[in-house]
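This report goes through a model of two protein chains, from single residues to the packing of the whole. Please keep the sequence and structure in view while reading.

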Amino acid sequence: MGTKEEAQGTLSSTDFGVSASAFILNWNTVCSSFPPWTWVLSHHQVEGYLSLENILLSSTQEEHGELSCPGPGKHSHQEDPIDVDDATLVHTNPCKVHYYDLHIIYCNSYRVPVLYFRAYDSDGEPLEFDEIENDLPAYSKKALSDSKWTFITQEEHPYLNRPWYKLHPCGTSEWMKLLFHADDALAKTGVAIELYLVAWLSVVGHVVGLRIPFEMMKQL
Amino acid sequence: MEEAQKYVWEGAIPLQIHLHESEVTTLPTPPPALILAPRIGYLPLLIPQIKPHFSNALPPGSPDTVWFDYNGLPLKWYIPTGVLFDLLCAEPERPWNLTVHFRGYPSNILVPCEGEDSVKWSFINSLKEAAYIINGNCKNVMNMSQPDQVELWRSVLNGNLEAYVRISSKLRLGTVGDEYADGGGQGQVKTGRVPVRLYVWSVSEDFDDLEDAPQIDSWDKISYINRPVEIHGEEGNYFTLQDAVKSILPEYFPNKSSTKEESSRDEDENEQTVPSEEGEKYLSENVDTCYPSDNVEIKLVRIQGIEPKMDIPFSWVVKNLTNPEHYLHICVCLKVPQVL
């Protein structure tokens, strides 16, 4: 990643691929009990994006929703870096089980990744927006209510010709810039590209209740 | 120079709009509505004209969101009307026969539309994106005063080019197009990005007559590519429309300058390395699946209903044929050896 882009918090299309590669490796190592992120090719095998699908989000009464493994079967008993609340394994109300598909897609215009997601119930029926809102952490809900048009919107998926929810990208480079400047370690070691997506998702993931374990930031 | 822009703004498509048969409750069937739709406008903005025409024939109860289809294909409302026409009618059909629905919005396919507000929001959003591409930030658009925003949108709604130019010039969204168009080739070298939206459909068989072109019956047959064209310095002087189109279709027209074996990240802005689960970055995928440019042919390029000569200076195209949100919408038909 050129210093210029680093300074601007953006990254090139090529670097997105590099970062995605590093991200997948990192995630699969650290979050081994979680399903893996995969790289999906599109547009005649040249452009690609990151995909994590069929993730369970179950909200408990006390806490905001958290993305977790889809079902007890996949949950390992080893020391799990992701703090999975035991309560998420128990689905007292089957109707409240919501599944999420997450895609991280590179945006050529803003030169940053963009999160697209969709949600559905156990019958595969898409969720209404207010159902999704209920799943979201409290701070997301506030941001949403403050600005209807500029936070999460429903737009067409760049490749799939279907409506997906999208997190708006236009502020991304600003806070990515801050993130990178704030961390001396990142600036010195110059592995900004490899860690770009981890850093980015650690912020963006919060919107949908996906927590990125700190261990991922240390993996190099 | 302004002449071409005027023609673009005055461009319109004659539409013949039929109510979907399942929604007709009267006899005789209501005649179709005949509407002249501005090319730079959007279909939902025509609803105030269309609805009264059919209101007597509609079944009772409150209607759903209005939507349109062409030969069964639901139309994406956020694509300018002229672009939809250029893309879906290989052989221009005049009037263009569309079907209107007041029920059964296909929300699994089409993004929701809440009338003029949604269209306006989509327009402003695209304008922001274009501003970011051109200037590296969208401050000018975000900082527009409320009255200016209203007037800008009104000018688009009403097709008022004069008003539009007055407001939009404040946004300082000149691109590389301006440098060369006015300077007559003596333009300063400028590196810049131009907002472009490409709609690509591929055919594997040749056709002589547009009438014989295969019908587009699904949006999956169209590749929508929202990628800026990058113009680097001096080459801008000689940059043609053909160069521009090829530069944003690297999968069909690989950059000759790069040899794929060397992993030169810096040059190849448009190529992505392909990650595998082991984290290996290998570029062979790109080489194997890229069509050599000999076998891929640009059969048709349509912008604002015109099929310009491919060697036309791209700067002229940008200066004169962009839409009000500062995007250049280009419909391309490619002949490829094998359709995926």
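His98(A) is part of strand S4 of chain A, which covers residues 98–107. In this predicted model, His98(A) has a relative accessible area of 6%; because buried means under 20%, His98(A) counts as buried. The C-alpha atom of His98(A) is 24 Å from that of Pro158(A), with these positions 60 residues apart along the chain.

**Backbone features**

Two residues of chain A other than glycine have a positive phi: Asn54(A), near 65°, and Asn161(A), near 55°. Asn54(A) sits in strand S2, residues 47–58 of chain A, and is partly exposed, with a relative accessible area of 40%. Asn161(A) is in the loop that runs between strand S6 (152–156) and strand S7 (163–167) of chain A. At 10% relative accessibility, Asn161(A) is buried because the limit for that class is under 20%.

Chain B has cis peptide bonds ahead of two prolines. One runs from Leu27(B) to Pro28(B), with omega near -10°; Pro28(B) belongs to the loop between strand S1 (12–19) and strand S2 (33–38) of chain B. Another joins Arg94(B) to Pro95(B), with omega about 0°. Pro95(B) is in the loop between helix H3 (81–88) and strand S5 (96–101) of chain B.

**Helices H6 and H7 of chain B**

Helix H6 (residues 146–158) and helix H7 (residues 161–168) of chain B have axes that come within 8 Å and cross at roughly 145°. The crossing of H6(B) and H7(B) is left-handed. On the H6(B) side the contact involves Asp148(B), Glu151(B), Leu152(B), Ser155(B) and Val156(B), and on the H7(B) side Ala163(B), Tyr164(B), Arg166(B), Ile167(B) and Ser168(B). By class, five residues of this contact are nonpolar, two polar and three charged.

Ala163(B), a residue of helix H7 of chain B, is buried, with a relative accessible area of 7%. Which residues does Ala163(B) contact, leaving aside its neighbours within four places in sequence? They are Glu151(B) and Ser155(B). The C-alpha atoms of Ala163(B) and Ser218(B) are 38 Å apart, and the two residues are 55 residues apart along the chain.

An unreviewed UniProt entry lists residues 116–172 of chain B as "domain: Autophagy protein ATG5 alpha-helical bundle region". In the model, residues 116–172 of chain B are 79% helix and 0% strand, with 26 Å between the end C-alpha atoms.

**Nonpolar cores**

The largest nonpolar core has 110 residues, and the members touching the most others are Trp27(A), Trp37(A), Phe117(A), Phe314(B) and Leu334(B). Helix H8 (residues 192–204) of chain A gives the largest share of this core, nine residues. Beyond its neighbours within four places in sequence, Trp27(A) has contacts that include Phe34(A), Trp37(A), Leu52(A), Leu210(A), Ile212(A) and Met216(A). Another core, apart from the largest, has 42 residues, including Val83(B), Leu88(B), Phe207(B) and Cys333(B).

**The two chains**

The table gives the overall values for each chain. The contact share is that of residues 24 or more positions apart among contacts with a separation of 6 or more.

| Chain | Helices | Strands | Buried residues | Contact share |
|---|---|---|---|---|
| Chain A | nine helices | seven strands | 55% of 220 residues | 58% of contacts |
| Chain B | eleven helices | 13 strands | 53% of 340 residues | 73% of contacts |

Terms used: Residues are numbered from 1 along each chain as its sequence is written. Chains are lettered from A and ligands numbered from 1 in the order in which they are written. This is a predicted model: local features need pLDDT of at least 70, side-chain atom pairs count only at pLDDT 80 or more; totals for chains, interfaces and linings use all residues. Side-chain values use heavy atoms; hydrogens and water are left out. Axes are lines fitted to C-alpha atoms, for helices over the stretch in contact, and angles run from 0 to 180 degrees between N-to-C directions. Helices (H or I, at least four residues) and strands (E, at least two) are DSSP runs, numbered from the N terminus. A crossing is left-handed if the near helix is turned anticlockwise from the far one by less than a right angle, and right-handed if clockwise. Contact means heavy atoms within 4.5 Å. Ala, Val, Leu, Ile, Met, Phe, Trp, Tyr, Cys and Pro count as nonpolar, Asp, Glu, Lys and Arg as charged, and the others, Gly among them, as polar. UniProt positions are given in the numbering used here, feature names are shortened, and annotations may be inferred rather than shown by experiment. A nonpolar core is a set of buried Ala, Val, Leu, Ile, Met, Phe, Trp, Tyr and Cys residues joined through side-chain atoms within 4.5 Å. Buried means under 20% relative accessible area, exposed over 50%, partly exposed in between (1.4 Å probe, protein chains only).
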